[in-house]
Structures are given as structure tokens and as C-alpha cells.
Amino acid sequence: MDKGNYSRVPEFVLLGLCSSWELQYFFFVFFNLYIAIVLGNLLIVFTVISEPALHTPMYIMLSNLSVFDIFLASYATPKMIHDFLHEPKTISFEGCMAQIFLLHVFAGGEMVLLVAMAYDRYVAICKPLHYATIMNLCICTGLVVGSWVIGVMHSLSQLAFTVNLPFCGSNIVDSYYCDLTLVIKLACTDTYIPEVLMLLDSGLMGATSFFLLLISYTVILITVRRHSSSGMAKARSTLTAHITVVTLFFGPCIFIYAWPFSNLPVDNILSVFSTVFTPILNSLIYTLRNKEVKSAIHKLKTQYEAELDILNACFNAVTGSGEILSPELGSWYFGTLSFSI
């Protein structure tokens with residue numbers, strides 16, 4: 001089709017997860033887990049920043065993983081929660097392109113960060129005497145920044161051959177968010193070349209990341225198996241957590257993108273799992289069950305209660321009212337997260 005003879009669609013219609021109102025109310029309640037994701041991961045980030053003992057490469061990367069998880073849960077979930085109770089479920093063309101861009105920035109960046117974390121564990125377990133030299137602050141910062149840069153570059157390369165496609169026919173997206181595989185096939189032109197480019201780009205990045213992770217964890221597992229010290233027992237526990245998170249992240253991605261242009265009913269379920277369950281499980285598996293992080297969170301809670309007592313004393317001294325400042329918000333915040341620990 002001649003690109004001069006079409007009118008671009010101004011918006012896309014999202015079919016969402018289901019058409020039943022009863023199920024939509026159920027999902028609306030279900031996706032309040034989004035709040036728990038944001039609060040839990042923000043607590044992890046704040047804890048790592050405020051506790052000097054956690055200023056090590058491992059925890060710096062874990063805090064950045066929490067940042068990725070917050071953004072990965074936020075690029076589409078708030079819109080989806082809104083759409084549960086509103087009709088029609090539409091998104092502007094620009095909003096759709098923004099969702100595609102953000103999805104690939106955060107998913108691509110998290111892939112690279114998981115590889116960096118695997119390398120960190122490889123050095124810590126296989127070369128412990130050289131760990132401080134190899135994984136210094138400069139290298140750690142470079143790995144973290146590099147994950148963001150690669151994520152942005154990957155996303156821009158995906159969006160470059162999509163944003164200018166002619167969308168002049170159907171504008172119905174069979175999902176609750178815009179993804180490249182769903183939007184490309186709506187273009188009213190031959191999409192063979194864009195599809196191949198997308199597969200090469202995403203496939204190369206995903207396969208490379210997964211291959212590097214496989215090599216790293218294989219070497220680490222062999223090293224751990226040869227030793228039986230208490231230090232190696234702790235390393236084995238940490239390694240199990242890392243492998244679990246990698247499986248949770250790559251499992252749905254591999255299934256969805258193995259048949260990228262044939263939208264299967266299970267794809268939406270896997271997308272929900274990646275958007276909601278993986279971010280909250282990451283925080284539980286990686287950090288909130290970590291002894292050092294739990295200790296740091298308890299320390300923060302103690303500091304909060306002490307500061308509140310001081311504020312109450314000052315408040316009473318100034319007003320003479322005998323009233324106390326309400327601690328409910330802070331107690332609820334720490335109490336809810338402590339319960340998940």
C-alpha cells in the first residue's frame with residue numbers, strides 16, 4: 001500500500017483479559033497486589049540506600065532489580081486496573097507506542113542485569129579471593145548503568161521499524177496492553193521484514209542472555225558441588241534463589257515469544273504472571289527472605305519508632321495538648337511488609 005494513501009488510526013482498542021464483568025471485578029481486587037509490588041520493592045531500594053552495610057555489588061544490583069520490577073509492573077498494570085471497570089478500553093496510538101517502548105526497556109534491562117548478577121555470584125563463589133578487586137564499585141556501577149543503556153538501545157531498535165508502519169485497518173489488540181507482536185500484525189502492509197527484524201533483535205538478546213546465564217550457573221553449581229563448607233551452604237541457598245528468579249523471568253518470555261505472531265489464550269495469563277507475580281516473587285525470593293536485608297528493615301523500623309517518639313515529645317512540648325502523632329501509616333507499611341517476610 002502507498003504510505004501516502006492511508007489515515008493512521010488514532011487509537012487502539014484493548015480487549016483486556018476477559019469479557020465477564022464478574023471476573024473483571026475479581027481481577028480488579030486481584031491486581032491490588034500492584035500496590036504491594038510497589039511498596040515492597042520501594043522498601044528494598046530504600047533499605048539498601050540507607051544501610052551502609054548493604055552497599056555491596058550484590059545488594060546494589062538487587063536494589064536495581066527492584067527498580068526494574070517496579071517499572072515493569074507499572075508500564076501497563078495501572079491502565080489495566082482502570083480498564084477493568086471502564087468501557088471502551090482504548091489507548092492512543094502514542095500511548096501504545098510508549099507501552100511497547102517501556103516494556104522492552106525494562107524487560108531488556110532486567111535480562112542484562114540478571115546476567116550481571118550471575119557474573120557477580122560467579123566471581124564471589126568461584127574466585128572469592130579476587131572478588132573485591134574484580135567486583136569493585138566502578139565495575140558494579142558500569143554493569144548497572146550498562147543494563148539500562150542496553151535496555152534503551154534494544155527498545156529503540158524495536159520501535160524504529162514499528163512506529164512508521166501504516167496502521168489504517170483493524171485497531172483491535174487482543175490483550176490488556178500493547179506488545180510488539182500484537183501491534184505489528186495490525187499494520188496494513190506486508191510485515192514480513194519487520195517481523196523478522198523483531199525476532200532477530202529480541203531473539204538474539206534473549207538467547208544471548210539465557211546462554212550466558214546457563215554457562216554462569218553451570219560453572220557455579222559445579223564449584224559449589226565440590227565444596228561442602230558452611231560458606232558454600234550459604235552460597236547454595238543464594239544460588240537457588242537466583243536460579244528461581246531467572247526461571248520465573250525467562251519461562252513466560254520464552255513461551256510467549258516462541259510463537260510470537262500466533263496469539264494464544266495462555267499468553268495473557270503468562271503476561272499477567274510476568275507483570276504481577278514475578279516482581280512480587282523477586283522481592284520475596286531475593287531480598288525479603290535475606291537475613292541481612294531483614295535485619296536492616298528491622299533497624300529502619302526501630303529508627304522510625306524512635307523518631308516518632310521524639311516528634312511526639314516535641315509536639316506535646318509546643319502544644320501542651322498531650323496528643324500523640326498517629327503512627328498508623330508507618331506501622332501499617334512496615335507491618336504489612338514484615339508479614340510477607
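Okay, one term before anything else: I call a residue buried when its relative accessible area is under 20%, exposed when it is over 50%, and partly exposed in between. Keep that in mind for Asp 120, which has 2% relative accessibility and therefore counts as buried. And a caution: what you see above is a predicted model.

So, the overall picture. We have 13 helices and three strands in the chain. The chain runs to 341 residues, and 45% of them count as buried. If you take the contacts between residues at least 6 apart in sequence, 78% join residues at least 24 apart.

Let me start with helix H7, residues 137-160. H7 has 24 residues, and from first C-alpha to last it reaches 34 Å, close to the 34 Å you'd expect at 1.5 Å a residue. Look at where H7 starts: a side-chain oxygen of Asn 136 comes to within 3.1 Å of the backbone nitrogen of Cys 138.

Which residues of H7 are buried? Going along the helix, they are Cys 140, Val 144, Ser 147, Gly 151, His 154, Ser 155, Gln 158 and Leu 159. As for what covers those buried residues, the list includes helix H3 (57-74), helix H5 (93-126), helix H8 (180-184) and helix H9 (192-225).

Of those, let's take H5. The axes of H5 and H7 come within 7 Å and cross at roughly 145°. The crossing of H5 past H7 is right-handed. If you want to pull up the contact, on the H5 side pick residues including Met 97, Phe 101, His 104, Gly 108, Gly 109, Val 112 and Tyr 119. On the H7 side, the contact residues include Leu 143, Trp 148, Gly 151, His 154, Ser 155 and Gln 158. Gly 151, His 154, Ser 155 and Gln 158 are also on the buried list for H7.

Staying with H5 for a second, Ala 107 is also in that helix. Ala 107 has a relative accessible area of 15%, so it is buried. Setting aside residues up to four places away in sequence, Ala 107 touches Leu 72 and Phe 249. That Phe 249 is 142 residues away in sequence, yet the C-alpha atoms of the two are 9.1 Å apart.

Now over to H9, where Asp 201 sits. What does the side chain of Asp 201 make a polar contact with? With the side chain of Ser 157, at 2.4 Å. Leaving out neighbours within four places in sequence, Asp 201 is in contact with His 154, Ser 157 and Gln 158. His 154 and Gln 158 should sound familiar, being among the buried residues of H7.

Next, charges. How many salt bridges does the count come to? Two. In one of them, the side chains of Glu 51 and Lys 299 meet at 3.3 Å, N to O. This pair links distant parts of the chain: Glu 51 is in the loop between helix H2 (33-50) and H3, Lys 299 is in helix H12 (residues 291-319), and they are 248 residues apart. Glu 51 has a relative accessible area of 13%, so that one is buried. Lys 299, at 40% relative accessibility, is partly exposed.

The other salt bridge joins the side chains of Asp 120 and Arg 121, at 2.8 Å, N to O. I already gave you the 2% for Asp 120. Arg 121 is buried as well, since its relative accessible area is 11%.

Two last stops. Met 58 is in helix H3, and at 13% relative accessibility it counts as buried. Met 58 and Met 135 are 77 residues apart in sequence, and their C-alpha atoms are 9.4 Å apart in space.

Then there's Ile 280, in helix H11 (residues 265-288). Why does Ile 280 count as buried? Because its relative accessibility is 18%, and the cut-off is under 20%. Not counting residues up to four places away in sequence, Ile 280 touches Leu 33, Ala 36 and Ile 37. Ile 280 and Asn 41 are 239 residues apart along the chain, with 7.9 Å between their C-alpha atoms.

That's my tour, thanks.

Methods:
Residues are numbered from 1 along each chain as its sequence is written. This is a predicted model: local features need pLDDT of at least 70, side-chain atom pairs count only at pLDDT 80 or more; totals for chains, interfaces and linings use all residues. Side-chain values use heavy atoms; hydrogens and water are left out. Helices (H or I, at least four residues) and strands (E, at least two) are DSSP runs, numbered from the N terminus. The expected span of a helix is 1.5 Å times one less than its number of residues. Buried means under 20% relative accessible area, exposed over 50%, partly exposed in between (1.4 Å probe, protein chains only). Contact means heavy atoms within 4.5 Å. A polar contact is a pair of N or O atoms within 3.5 Å; within protein, one must be able to donate a hydrogen and the other to accept it, and residues adjacent in sequence count only if both atoms are side-chain atoms. A salt bridge is a side-chain nitrogen of Lys or Arg within 4 Å of a carboxyl oxygen of Asp or Glu. Axes are lines fitted to C-alpha atoms, for helices over the stretch in contact, and angles run from 0 to 180 degrees between N-to-C directions. A crossing is left-handed if the near helix is turned anticlockwise from the far one by less than a right angle, and right-handed if clockwise.
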